[in-house]
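Let's take a look at the aromatic rings in this protein and see how they pair up. Have the sequence and the 3D view ready as you read.

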Amino acid sequence: MTPEPGKLLEKTYTPGSFESACYQRWLQLDLFRAGKNPSHPPFTIVIPPPNITGNLHVGHALNNTLQDVLVRWRRMQGYDTLWLPGIDHAGIATQMVVERELRRKGTSRHEIGRGKFLEEVWKWKEHHSGAIITTLQRLGCSCDWSRLRFTLDEGLSRAVLQVFVALYEEGLIYRAEALINWCPSCQTALSDLEVDHREESGSLWHVAYPVEGSDRRLVVATTRPETMLGDTAVAVHPDDERYRDLIGGRALLPLLDRPIPIIADAELVDPTFGTGAVKVTPAHDFNDFAAGRRNNLPAITVLREDASINENGGPYAGLDRFEARKRIVDDLREHGLLVKVEDHRLTISVCQRCSTVLEPRLSTQWFVRVAPLAAPALAAVEAGRVEIVPASWKKTYYEWMRNIHDWCISRQLWWGHRIPAWYCPDGHVTVSSGTPAACEACGSSSLSQDEDVLDTWFSSALWPFSTLGWPGKTPDLHRYYPTSVLITGPDILFFWVARMIMMGLKFTGQAPFHTVYLHGLVRDERGQKMSKTRGNVVEPEELLSRYGADAARFTFAVGASPGPSVALGPERLEGYRAFANKIWNAARFVLMNLKEEEGRPALGREELSLPDRWILSSVSRLAGEVGRDLEAFRFDLAASALYRFIWHSYCDWFIELSKPSLTGPAADSRRGRCTRAVLVEVLDTLLRLLHPFMPFLTEELWQRLPRQAGTAPSISTAPFPEEIPQRLDPVAEEQIKEMIEIVTRVRNLRAEAGLDPAKRIAVRLSAPSAEALRGAEEFREYLPRLCQAESVELALRDTTGQGGPALRAVADHFDVAIPLTGLVDVSLLGEKLRRDLRKVDSDLAARRRKLDNTEFAGRAPAEVVERERRIAEELGARRRRLSEILADLTSG
């Protein structure tokens, strides 16, 4: 239901009472569908598709808020906007979650089979994709829901198959036996980017390998004794005099007594490190795998898929890897082959999904030969065809792209795009986008498809063009590709962004977007990473229910400054909910003072007062500032500028200045009508400027404003304000600035001296020149009310004497004085101020002692130290002000 123009607002701002109805109205009006303005330039964003593994997290809320700010802004500017939504199938993550559900039911994927398991995952997808869309809509996301995509949709699957086949036929996809990162828990291969590294304390075991036919021993060091079961050589440096005579001989593998060659390898061995002898385990170490290839060594796998020891481990077969490690160390010690054990700091590789310690595993997998694809993607950023914002991330991008490794794309999963490769009984491989009738090599009709699926990021790399219909030459692809901007976090710069640039250039000849904006990661108010163990995780649904979507969105926008993190805490959220409430109350004030018979008051330039000219000029200047900030992706600066202007310029000052014209006989005068017109005009402009950040509140309020015929049905499609040069009035801006400075100084003097706020005072202003004096006459009429003064005296500085005791300050060009004779007992005031000064001195000394304490500065959290420093600075400033007031009292 559309709010009635002119209808008074409820007294209390309650976002939950209108947000849902507001969004439903947007959907009914079909405001977000792209293609309605084919003659207008397009603006396209494809959403980073959230995983279907569960509810959205607070990082999604930040990311989608920033996208929506840009999309709503461009829509209001008249662009043909397409924000294409979608969801990612998230292979490993989703399979893990569904398998966990099956275990709760007492079964497993292997028991129910591939077909039934995939049915279970599709059910999961249908349930959770609905929840994801609901949250995005609660957040206010203005996506074109008619174009919703899923990475396993038929159209996207067709694109995946075509890309795989094309890359295979060019030799850029290949199948090979290689050492890969293997997760024993997920039981799948992982790419290098899916691996986390962490440091921990471990041991370095020094083991003696007897030299065959000799009483000599070669001592090697290892952090993983269980892998020695798969050793196929001991390597030394060819120039190492200690071992030169042993090269070509054999050592006996401890515990198993298997003879293994002693080889020379200058690339693998540093003769100055340790003993200069190294064990070689090609099937379980990346460096050893390369050495094995160089020296034609066999690769003996000793770990099963679950990381237990296999049959090649002799008496240790069947043991878990860590249990085997303990047994092997005990046996080495018992046989006198354990030379020594040292404490050792080591870096281990763990699965990014489940944190299981990974194993290098020899396996036949599918790979993308990345270097030929990376070179054009590197050049696109270097040449500026793709801009990365902030630019500081370019260096990271360059370093990674110049040191890129082939990408392992096969995963031992059931959920995902199944690899389009078929094998005949003779082992020939047929790759096809459709099911082949026979083997290409031998003609056999007995074919079985590869059991593995593709890495989730393979289909995600095609997202910007596959979602628009590629490989078909669709109208959407022609109209909206390349897209305009990608907004995402730096944590997937390589997982996703780089791969999209590679694939976009390869298959469309164009980079998939012109600009990549990388925002920080959401942390709590102390800068700590959010985690369940810390208890500081904030769920988006909780934010939206407690604070309203607009307050949450505005908090994200203000926090999105260039940097690695975006701070989020209750204090900020409460503050911006209070901001929304302030806007609500301001709009309520304006609506209460409109006259129904007037409709929307007309704005006559010749009737404008000084405050009218000031606010119209200032809001026009603000429109230019916000537009420039959004062009530069400075969401924080744009939002902060709006906050300052609305809270202070419009609410604190202009509304206050307008009140005399809205009551009594003045309300029916030309001045009253003009004031109402300006109030509405500026409020309308501010709501439109604020709409991309706070869409629900601004829609609700804008619909209540009286409007002219032909106005847009929603603020979403109303024009975004721009700076109007004809409205700029620097003289009015400067005069009101001076007035605000004077009023602020008077109010501060009253507060610092403890004068009764209700007591009317006299104010003396001393101007430095006749010109300044004339300028002050322009705003003199507003000073008595704003300063709670019974009189305001204006004079040139050289004609104004001290005139007895007074409170004094300097405001811009003016000296400000509040005479105290007859107002207060000066001696009592002096005593009070001296007591205040002693209290401030005491507090300040205590703060300084704490800050000078090196133990406090070294141990206290940085935010605590900063708070103490800030309090000390405020106390120092208060001390100076009190001292100045006391000096003025005594001199007067």
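## Rings in pairs

There are 32 aromatic pairs in this structure, which is a predicted model. Let's zoom in on one of them: F554 and F579 form a tilted pair, with 5.1 Å centre to centre and 40 degrees between the planes.

These two rings come from distant parts of the chain. F554 belongs to helix 15 (residues 549–559), while F579 sits in helix 16 (residues 570–592), 25 residues apart. Are F554 and F579 buried or exposed? Both of them are buried.

## A second partner for F579

F579 also pairs with Y643. This pair is tilted too, at 4.8 Å centre to centre and 50 degrees between the planes. Because F579 is in helix 16 and Y643 is in helix 18 (residues 635–658), the pair ties together parts that lie 64 residues apart in sequence.

How do F579 and Y643 count in terms of accessibility? F579 has 0% relative accessibility, so it counts as buried. Y643 has 24%, so it counts as partly exposed.

## The wider cluster

Now step back a little. Ring pairs join F554, Y576, F579, Y643, W647 and F693 into a cluster.

## Charges over rings

Rings can also be found beneath charged side chains here, as with W26: the charged end of R72 sits over its ring, 4.5 Å from the centre. For F150, it's the charged end of K125 that sits over the ring, 4.6 Å from its centre.

Conventions. Residues are numbered from 1 along each chain as its sequence is written. This is a predicted model: local features need pLDDT of at least 70, side-chain atom pairs count only at pLDDT 80 or more; totals for chains, interfaces and linings use all residues. Side-chain values use heavy atoms; hydrogens and water are left out. Rings of Phe, Tyr and Trp (its six-membered ring) pair if their centres lie within 6.5 Å; planes under 30 degrees apart count as stacked, over 60 as edge-to-face and the rest as tilted. Helices (H or I, at least four residues) and strands (E, at least two) are DSSP runs, numbered from the N terminus. Buried means under 20% relative accessible area, exposed over 50%, partly exposed in between (1.4 Å probe, protein chains only). A charge sits over a ring if NZ of Lys or CZ of Arg is within 6 Å of the ring centre and within 35 degrees of the ring normal.
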